[in-house]
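Here are a few exercises to work through with the model open. Try each one yourself before you read the solution.

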Amino acid sequence: MSTVAKHANGQDGSERPAKKVRLEDDANDEEEEAPSSRAKAEPQKASDLYLDTINRAVLDFDFEKVCSVSSSNINIYGCLVCGKYFQGRGRNSYAFAHSIHDDHHVFINLETTKVYVLPDGYPVSDPSLEDISFVLVPSFTPAAVSTLSTPAHLQKPSYDLSNKPYLPGYIGLNNIKRNDYMNVIIHSLLHVPPLRDHLLLSNFRGKESELLKRFAGLAKKLWNPRLFKSQVSPHEFLQEVHRASAGKFSLEKQGDPVEFLGWLLNHLHKDMGGTKKRNSSVIFSTFQGEVRTETQQVLVRPDAGGSEKPRFDIDREIKSTVSPFLFLAADLPPPPLFQDAVEKNIIPQVSIQSVLAKYDGQTTQESMGHLRRYKCQRLPRYIILHFKRFTKNMFVEEKNPTIVNFPLRGLDFKEYLDAPPSHPPTVYDLIANVTHESAAGTTRDKESTVWKVHLRAGAGGGEHEKWFQIQDLIVEEIRKEMIVLGETVLQIWERRPDGSPTNSMEVDK
Ligand SMILES: [Zn+2]
C-alpha cells in the first residue's frame, strides 16, 4: 500500500496541483453589484482572517441548492462558516443579511464556486479554498478516470476530513427515507465503466436536463478522491427523479429497483440526445442488444391426448421479430407448491444456465394461446440480467425464494446467441449484483425489505479484484463465496475483452 502525502486538512496532496481559482468567466454572475475597485485593491489581509473561520466539517453540498430562507434556487451561496444556503449577495440579499446578523463572512457561489467576503462584497481567490470548490464541483481528467477499474485503484485509498481512509466509488449512499431500492441501482450503473467515465468527464453547463446534470454530479461525488465525508447523499438527484417521474419513484416509499432502472435508462438515453438508432447514446452503446422472438399460435389437436406439451410446428407459419433490449428478463422455475414439515426449509436452487435457457432458441414458453421462443441476435458490452422473483397473486406480491447459482467470472453466453462469427466475444464477468432480503419470507413485505448491492472493485481476476457489499451507508468487503448466497434480482455482466474462457489469474471455480 502506498503512503500518501497529506496536508494538514487531511486531504491527499499527491495528485492535486493547486489550481488557481478561476476569476475569468465572470459574465453571467454580475446581475448583482460588481465589487468596487476599492474593495479589490485591499482585500488580502482581512480575507486571511475570514478564511480561518471556514468550517469544512459542516460543509455538505449534497442537498438541493435552495435558499434556506426564500427556498429559491436562483443565485445561491453557501455560507462556509455554518454551511447554510442563502440567495444572492447584493445589499438586500439573504446572504448579505446573514453575514451581518450571524457574523459569518465567507460565501461560495454554488454554481461558479467563486468565493466572496460579505458584507464587503469582494471576491477571494486563495489556493487554500481549492479543496472546497473540488468537493462542490469535482472534476476528473481522462488519466484519473482510466485507473478507476484497475488494480491501482485498490492501492490508493483516499482520506476524509477525519483522516478515515476510503476507496472512491465504494462509499455509502444515505437512505433518506426508503430509497435503498434506488441506491442499489445508482451504485450498479455508476460502476459500469463506459457510463461512469462518460459522466465523470462530462461538463454539463447548458441546456442538458436537470436529471442528467444531477446524475453526473452524483457520479462525480461518488468517485471523488477528495471528499470531506466518505459518504454521499443522493438527495439532490432523487428530488429530480421524483419530479421527472411525476412522483412514481419517491424516496419516501419502497419501490421496484428494476422498474426504476428501466425508467432511468430510458430517460438518460433521451436526455443524452439518444434516438431509436443503435449507439445513439452511451446508454445504448453500453447496454443495448437485440433478441429474436419466434411466435406460433397453438392449435388444439384432439389426437394429442392432452398430455403432450405443445411444440413449434415447422409446417405452419412462425412469426419472427427482432427487437432491441436494455436488459434481459429471466424467469425462475416455480418453487414447489406444497412442502411438508421436513422440506419446509429447503430452498430450491437452480443454475444460471438453466435460467438463461429461455434464450437458447429452443426452449418454448406458452401463454395466451401462443408459443414463444427467444434467441439473442446481438449481445451488448454489458448485459443486465433481471431475475423475475416477484409475482402478483391476488392481493399480495409473492416472492420466489429460489437461489440462483452463478460463477463470478467466465459466464459464456454463446448458447443464447445467433450471430455471425464477427460478433465480439461472448464470455462475461460479473461486476454488480443486487439482492433482496425480507423478513417476511415468501411475500413481498415492502416495509421490511432490504436491498443490497455487491460491486466488484479493481480489475477482474484473482487478487486484482475485491468485492464490496453496500447497503445504504454500510460498506463492507465481502468474500466472493458469500455473493451467490443472496436472492439475486439484478446483475450486470461485463464482456471479457479477449474473450478467453479462462484466465491465467483465475482463482475462482
Ligand atoms: Zn453562516
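**Exercise 1. Work out how strand S1 is paired and covered.**

Start with S3: Cys79 stands opposite Phe107 in S3. Strands here are DSSP runs of E, at least two residues long, and helices are runs of H or I, at least four long, both numbered from the N terminus. S1 and strand S3 (residues 106–109) run antiparallel and are joined by 3 bridges; for two strands to count as paired, DSSP has to find at least two bridges between them. A quick note on the ground rules: this is a predicted model, where local features need pLDDT of at least 70 and side-chain atom pairs count only at pLDDT 80 or more, while totals for chains, interfaces and linings use all residues. Residues are numbered from 1 along each chain as its sequence is written.

Now look at S2. Strand S2 (residues 85–87) is antiparallel to S1 too, again with 3 bridges, and Tyr77 faces Phe86 there. S1 and S2 make a hairpin with 5 residues between them, and Gly83 in the turn has a positive phi of about 90°.

Last, check burial (20 or more other C-beta atoms within 10 Å of a residue's own, with C-beta atoms placed from the backbone). Strand S1 (residues 76–79) is covered on both faces: Ile76 and Gly78 are buried on one side, Tyr77 and Cys79 on the other.

**Exercise 2. Describe how helices H9 and H10 pack.**

Get the geometry: helix H9 (residues 210–222) and helix H10 (residues 235–244) pack at about 155°, with axes 9 Å apart. Axes are lines fitted to C-alpha atoms over the stretch in contact, and angles run from 0 to 180 degrees between N-to-C directions. That makes H9 roughly antiparallel to H10, a label for angles over 145 degrees.

Next, list the contact (C-beta atoms, placed from the backbone, within 7 Å). H9 brings Glu210, Leu211, Arg214, Phe215 and Leu218, and H10 brings Glu236, Phe237, Glu240 and Ala244.

**Exercise 3. Lay out the sheet that contains S10 and S15.**

Write down the order: 4 strands form an open sheet, S11-S10-S15-S14, with antiparallel pairing. Then find the edges, strand S11 (319–325) and strand S14 (365–367), each of which pairs on one side only. Neighbouring strands are turned by 35° against each other on average, direction ignored.

Finally, zoom in on one pair: strand S10 (residues 289–297) and strand S15 (residues 370–378) pair in the antiparallel sense over 8 bridges. Gln297 has His370 in S15 as its bridge partner.

Conventions: Parallel < 35°, antiparallel > 145°, perpendicular 65-115°, else oblique. Contact = placed C-beta atoms within 7 Å. Buried ≥ 20, exposed ≤ 12 C-beta atoms within 10 Å, placed from the backbone.
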